Amino acid sequence: TVVDNIDPTISAPDAVTVNVDAASCEATGVDLGTPTTADNCSVDTTTNDAPTSFPLGDTTVTWTVTDGSGNSATATQTVTVVDNIDPTISAPDAVTVNVDAASCEATGVDLGTPTTADNCSVDTTTNDAPTSFPLGDTTLTWTVTDGSGNTATATQTVTVVDDIEPVAIAQDITVSVGDNPFVEITEADVDNGSSDNCSIASITFDVTQFDCSMFGDNTVTMTVTDTSGNSASTTFTVTVTNCDADDDGIFDIDDNCPY
């Protein structure tokens with residue numbers, strides 16, 4: 001009786017790297033290739049333990065060759081499944097907030113939560129929001145990263161508005177007309193420290209020119225407007241003196257002064 005006690009030989013196919021199936025975290029229908037087998041007598045069967053679907057990462061497949069006498073040998077092959085699908089992200093809705101008290105910025109803004117998804121798994125979700133948002137529009141970017149390092153981004157707009165009125169502070173002034181047709185007052189003459197949490201755009205008066213017909217005390221309104229259109233008003237007194245409209249050196253009724 002002659003028996004075959006010699007194992008067959010087998011060389012597994014080269015390692016295989018494939019992408020996950022669409023909308024999946026696994027790969028199916030993987031082409032493994034064909035192993036190389038031989039035997040001193042005859043090869044009976046060649047099999048492997050490959051799963052129907054391969055999970056993300058590395059899977060070791062074992063090939064087994066069996067000859068006609070039942071002798072066998074094995075070899076291994078690595079199948080690597082990679083995730084090449086980007087995650088998805090929808091940014092929260094745009095946000096509009098007021099500036100902080102006594103500030104031209106907004107802090108502690110509630111941005112909301114983005115909606116994210118991935119065919120495998122979401123690893124991190126981050127944004128590039130500053131600690132404080134300046135007046136106006138700021139575009140921030142949300143970034144989602146999956147477990148394989150694929151990323152996607154979405155943007156959100158944060159609008160900061162200034163709802164704080166400026167502070168209007170004026171001082172009373174005295175103007176001397178003399179023999180001039182009139183005297184015109186300026187911001188520098190009247191403003192006494194007006195301020196705003198952001199910035200002042202303009203300071204205006206309801207009356208700017210004073211002549212002898214206005215001799216004495218005159219109540220004037222000063223309006224301070226900031227760059228966001230907020231405004232505040234206050235009144236001050238302009239006292240008109242030294243009226244000599246007809247330039248005769250005498251302050252009398254001809255100068256339209258109420259003596």
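**View 1. The largest nonpolar core of this predicted model brings together 20 residues.** Within this core, Ile185 and Val238 are the residues with the most contacts. Four strands each supply at least two of the core residues: β17 (173-178), β19 (200-205), β21 (216-226) and β22 (231-243). If you want to know which strand gives the most, look to β22, with five residues.

**View 2. Here we zoom in on isoleucine 185 and the residues it touches.** Setting aside residues up to four places away in sequence, Ile185 touches Ile173, Val175 and Val190. Its list also includes Phe205, Val207, Thr208 and Phe210. Phe236 and Val238 are touched by Ile185 as well, and Val238 is the other residue named with Ile185 for the most contacts inside the core.

**View 3. Four strands form an open sheet with mixed pairing.** Reading across the sheet, the order is β17-β22-β21-β19. At the edges sit β17 and β19, each of which pairs on one side only. Neighbouring strands are turned against each other by 30° on average, direction ignored.

**View 4. A closer look at the pairing of β21 with β22 shows two antiparallel strands.** The two are joined by 10 bridges. One residue pair to find here is glycine 216 and its bridge partner, valine 240 in β22.

**View 5. Aspartate 58 lies in strand β7, which covers residues 57-67.** Is aspartate 58 buried or exposed? Its relative accessible area is 58%, so this residue counts as exposed, the cut-off being over 50%. Leaving out neighbours within four places in sequence, aspartate 58 is in contact with Thr78, Val79 and Thr80. Alanine 73 is 15 residues from aspartate 58 along the chain, and their C-alpha atoms are separated by 23 Å.

**View 6. Stepping back from the close-ups, the whole chain contains one helix and 22 strands.** Its radius of gyration is 43 Å, well over the 18 Å that the globule rule gives for 259 residues, so the chain is more spread out than a compact globule. The C-alpha trace spans about 155 × 25 × 20 Å along its principal axes. Of the 259 residues, 33% are buried. The chain exposes about 13,800 Å², and carbon and sulfur atoms supply 45% of that area. Among contacts between residues at least 6 apart in sequence, 59% join residues at least 24 apart.

Key: Residues are numbered from 1 along each chain as its sequence is written. This is a predicted model: local features need pLDDT of at least 70, side-chain atom pairs count only at pLDDT 80 or more; totals for chains, interfaces and linings use all residues. Side-chain values use heavy atoms; hydrogens and water are left out. The radius of gyration is taken over C-alpha atoms; the globule rule is 2.2 Å times the number of residues to the power 0.38. Buried means under 20% relative accessible area, exposed over 50%, partly exposed in between (1.4 Å probe, protein chains only). Contact means heavy atoms within 4.5 Å. Accessible areas come from the Shrake-Rupley method with a 1.4 Å probe; for residues, only the protein chains shown count as cover. A nonpolar core is a set of buried Ala, Val, Leu, Ile, Met, Phe, Trp, Tyr and Cys residues joined through side-chain atoms within 4.5 Å. Two strands pair if DSSP finds at least two bridges between them. Axes are lines fitted to C-alpha atoms, for helices over the stretch in contact, and angles run from 0 to 180 degrees between N-to-C directions.
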